[in-house]
There are 2 protein chains.
Amino acid sequence: MSRETDDLAQLTKTARNKNPAPEEDLEDLALGEDYALNPEYVPMVADALDRGDTERLRDLLSALRPEDVADLMGFLSAKDREELLPHLDPETLGDVLSELDTDIREDILEHLPSATLAKALEEMDSDDAADVVDDLEKDKRAQVLAAMPEVERAAIETTLSYAEESAGRLMQREVVAAPQFWTVGQTIDHLRRESDELPELFFDVYVVDPSYRPVGAAPVSHLLRSKRDTPLAQIMEQVTEIPVDMDQEEVAYIFNKYNLISAPVVEPGGRLVGQITVDDIVGVIQEETEEDILALAGVSDAGRDAGIVGIVRSRLPWLLINLVTEGVAVTVVGAFQAEIAKLVALAILMPIVSSLGGNAGTQALTVAVRAIASRELTPANALRIIGRELAVGLFNGGAVGLMLGLGTWFWWRDMRLSIVVALAVIANLFVAALAGILAPIVLDRLGRDPAVSSSVVVTFMTDFFGFLALLGIAALILL
Amino acid sequence: MSRETDDLAQLTKTARNKNPAPEEDLEDLALGEDYALNPEYVPMVADALDRGDTERLRDLLSALRPEDVADLMGFLSAKDREELLPHLDPETLGDVLSELDTDIREDILEHLPSATLAKALEEMDSDDAADVVDDLEKDKRAQVLAAMPEVERAAIETTLSYAEESAGRLMQREVVAAPQFWTVGQTIDHLRRESDELPELFFDVYVVDPSYRPVGAAPVSHLLRSKRDTPLAQIMEQVTEIPVDMDQEEVAYIFNKYNLISAPVVEPGGRLVGQITVDDIVGVIQEETEEDILALAGVSDAGRDAGIVGIVRSRLPWLLINLVTEGVAVTVVGAFQAEIAKLVALAILMPIVSSLGGNAGTQALTVAVRAIASRELTPANALRIIGRELAVGLFNGGAVGLMLGLGTWFWWRDMRLSIVVALAVIANLFVAALAGILAPIVLDRLGRDPAVSSSVVVTFMTDFFGFLALLGIAALILL
């Protein structure tokens, strides 16, 4: 053992010597301790680009992994980005392209010669390559595909034939399958023989029947530790088949629920056509929750590099909708102009009542949207959850109404005004609970995305009823 | 080949016959096409529990995977849940416990005998078991740990010694490591010999130096397809080491950025102490974005089964804060009572101006919070992004201000009032942009979670300045 240790120390030393010292330093400099790109690294690259210092640039880039280069692209100006591209080899370029934000990628794709792009696509997995091709404009797409070898082109075209955001788009077509009657030893021998044809990484060998339908999966770690004469059928586990046309949100739900690492994708007849791995799913989960967060805030979608026009386009429509609904809501105020002129305190209390309603409604709404997304709110428990929200609305309304009533009395020493405002808060927080829970449920039943327009509905309801409750009750009791 | 196919058909047939027909039907009934638990299945289980029909219950449960049982628990009443527990074997119980929502789990843990719980914990991975033990009350924790074998207890105690939400809590202590000088063949032989000691699933064999520091990782799929005499050093890939005290949010960022499947966790000295796999990360990502969504809506945190008291506790504090900030904001309205009494149109336009500001602020804020979380907004580009937000605020303010000005003119035919309201909207949407982008950036620099209190700040600012802009400009120009 001591001798082996010496050998090993020797090996380690040799390995270290392979990297000359300056490059090591760049690696330390490139990333912060948290593996985020170091902000100081960006001007260093920009500077090397400006000076046309190819050697320095090569050193700077070689300290980065493709994911870091993609990050770097996000911080460079469009001009610098364009100048950087020729310095990436096809494999790195492919990896960088699959990591880039959509908007930056679209910009880069426009400037990339078709031949260069075709070479990079050949190096990519079929799903990632199809993603890129999908972003190309029609003419360029035809040019690029024409410049690719037949096999890779066909793979991309098949992938693109599936609906967007479906399992077919997400899957990679490269899978490892073995017949049920093989042993562990036969399978390993087969893998060694076909080494060049296999996917870069795989986690399961799918066990298939004679019609190429998956009947189980043998995790590679089980293959490794089982004796050579063990039949695959003995170590294989249950598989969760993913239909090729399933929506990616459902696929993510299944992966998350069953903690899957990979799953076979099947055609309608049950034939194995590809596999989805959990690393694809991480992206989908982030994409889908991100969409929900932004939709709840009234932002249609805009990447980091959307530019001012893109951002305005993603937000202005919602502000205009807000203008219209708010315009309708304030007609209530218009109807009670005489009352406000008589008692200006109403104009002061009005925004408080509507704001509390808006907040309570947003709370109920957000919880409901997330519960629907994670399938915790279903027809089986909808009634119970609606009841609970209404109870919470009444309780919170009572508590906050009491506080505002006390504050009102403290300020104006008018008991009747205090009662009016307390009642208005209770009524509006009840409406907020009702709208907050019902709007997403109803939109979901109608097949709409509950995150997208629920906020508009709830804000309108709580403003409209907030004004109506305060001014209406005041008109009845006070004036 | 034809003969093999026949054999296989025979095998498949036999396998099918193992499952008697009625159980098959239950499996079809248990889950919807989307793998969510079928709502109709819940009353079937509840009914069997009521009737004390143990056999029926066993059939019903055997059609479910542990994750589905956890789902089922979420839909059953507390009483039914408690009655169901004795029908689960220790292994299933362990799996169910690690899948349950925290609040339901806490409820169940209270009612579970220490001995039963100890048995279930023995069957679980160290990270999942530690999670459960962490939820136990002090006395029960001591009882349960005392009832466990020494090795499992020590593993749980070590895991719990790491900070909450750190890599140490997330990792499993079970890893597969091999010295650098081994060949593929030696490694496989070792795995077969030690088969019983290995983690249930693993994706990488970590290659370590004599001090047990990881120097690389050999993906199992590479081991499988390489010739036996290949040295590990030749097929190993670069590893991304995770320090044991790193926050789980950072770990998730790294996994997501580099599309990792597993990563070695190391002590401060660099020694390998465990591994984190991507399926743990999927949970972390969901948890962290979920926290952000809820925090943005002013919900502190509440699971599905929080009960009315829990929900009130998670929401009422934010409503009370809202009451206070709104109370401060309306002091502006109070200061302009005379103006409102003279021109009631101001009371009608006031909510529109503040609502538009609130919406625009929420848009900017949400985008900023997400950009910070995904490290797309950093000191390197903060100034550029702030500038862009202000430009968007001015542009959107101009557009919406123009529309509202036109509406005002249409309604009141008062050109000066139209100009006042348009200017107020422009000013308030500029303030909204400023507050929306600066609040999260400043909170983040102060080491606070930008999702948690940004909304309060932004809503206050846009209400306060909305009122001030409209009433102040009106006082100056109109009255």
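Begin by selecting A:Val369, which is found in helix 22 of chain A. The model on screen is a predicted one. A:Val369 is buried, because 29 other C-beta atoms lie within 10 Å and 20 or more suffice for that class. Leaving aside neighbours within four places in sequence, display the residues in contact with A:Val369: A:Asp292, A:Leu296, A:Pro440, A:Pro450, A:Ala451 and A:Ser454. For a sense of scale, add A:Val328, which is 41 residues away along the chain, with 26 Å between the two C-alpha atoms.

**The two chains together**

Next, show chains A and B in full. Chain A is superposed on chain B by a rotation of 180° with 0.0 Å of shift along the axis, at an RMSD of 0.1 Å. This is therefore the relation of a two-fold axis. To locate the axis in the viewer, select A:Ala341, the residue of chain A that comes closest to the rotation axis, at 2.6 Å from its C-alpha. The same surface serves both copies, since 99% of the contact residues of chain A recur in chain B.

Now select the residues on either side of the boundary: 111 residues of chain A are in contact with 111 residues of chain B. Helix 22 of chain A, residues 345-373, gives the most to the side of chain A that touches chain B, with 16 residues. Colouring that side by class gives 64 nonpolar, 25 polar and 22 charged residues.

**A helix pair across the boundary**

Select helix 23 of chain A (residues 382-412) together with helix 19 of chain B (residues 307-329). Their axes are 10 Å apart, and the helices pack at an angle of about 35°. The crossing of helix 23 of chain A with helix 19 of chain B is right-handed. Which residues make the contact? From helix 23 of chain A, they are A:Arg388, A:Ala391, A:Val392, A:Phe395, A:Asn396, A:Ala399, A:Val400, A:Met403, A:Leu404 and A:Gly407. Helix 19 of chain B contributes B:Ile308, B:Ile311, B:Val312, B:Arg315, B:Leu316, B:Leu319, B:Leu320, B:Leu323 and B:Gly327. The residues of this contact divide into 14 nonpolar, three polar and two charged. In reading the spacing of such lists, recall that an α-helix has 3.6 residues a turn, so residues three or four places apart point the same way.

**Two helices and the residues that follow them**

Remain in chain B and select helix 18, residues 278-296. Its 19 residues reach 27 Å from the first C-alpha to the last, close to the 27 Å expected at 1.5 Å a residue. Buried residues in helix 18 of chain B include B:Val278, B:Asp280, B:Ile281, B:Thr289 and B:Asp292. Just after this helix, B:Gly298 takes a positive phi of about 75°.

Return to chain A for helix 17, residues 248-258. Eight of its 11 residues are buried, so helix 17 is largely enclosed by the rest of the structure. The buried residues are A:Gln248, A:Val251, A:Ala252, A:Tyr253, A:Ile254, A:Phe255, A:Asn256 and A:Lys257. A:Asn259 follows helix 17 of chain A and has a positive phi, near 50°.

**Backbone stops in the loops of chain B**

Most residues other than glycine have a negative phi. Select B:Tyr212, a residue other than glycine whose phi is positive, near 65°. B:Tyr212 lies in the loop between strand 2 (204-208) and strand 3 (214-219) of chain B. It is partly exposed, with 16 other C-beta atoms within 10 Å.

Then move to B:Arg413, in the loop between helix 23 (382-412) and helix 24 (415-445) of chain B. The phi of B:Arg413 is also positive, near 50°. Is B:Arg413 buried or exposed? B:Arg413 counts as exposed because it has 9 C-beta neighbours inside 10 Å.

**Final selections**

Select B:Thr183, in the loop between strand 1 (177-179) and helix 14 (184-193) of chain B. With 19 C-beta neighbours inside 10 Å, B:Thr183 counts as partly exposed. Not counting residues up to four places away in sequence, B:Thr183 touches B:Arg228, B:Asp229, B:Thr230, B:Pro231 and B:Leu232. Adding B:Ala474 gives a pair 291 residues apart in sequence and 83 Å apart in space, C-alpha to C-alpha.

Finish in chain A at A:Thr54, in helix 4 (residues 54-62). A:Thr54 is exposed, with 12 other C-beta atoms within 10 Å. Its C-alpha is separated by 19 Å from that of A:Glu40, 14 residues apart along the chain.

Key:
Residues numbered from 1 in each chain as written. Chains lettered and ligands numbered in written order. Predicted model: local features only at pLDDT ≥ 70, side-chain atom pairs only at ≥ 80, totals over all residues. Axes fitted to C-alpha atoms, helices over the stretch in contact; angles between N-to-C directions. Helix = DSSP H or I, 4+ residues; strand = E, 2+ residues; numbered from the N terminus. Left-handed = near helix turned anticlockwise from the far one by under 90°. Contact = placed C-beta atoms within 7 Å. Nonpolar A, V, L, I, M, F, W, Y, C, P; charged D, E, K, R; others polar. Expected span 1.5 Å × (residues − 1). Least-squares fit on C-alpha atoms with pLDDT ≥ 70 in both.
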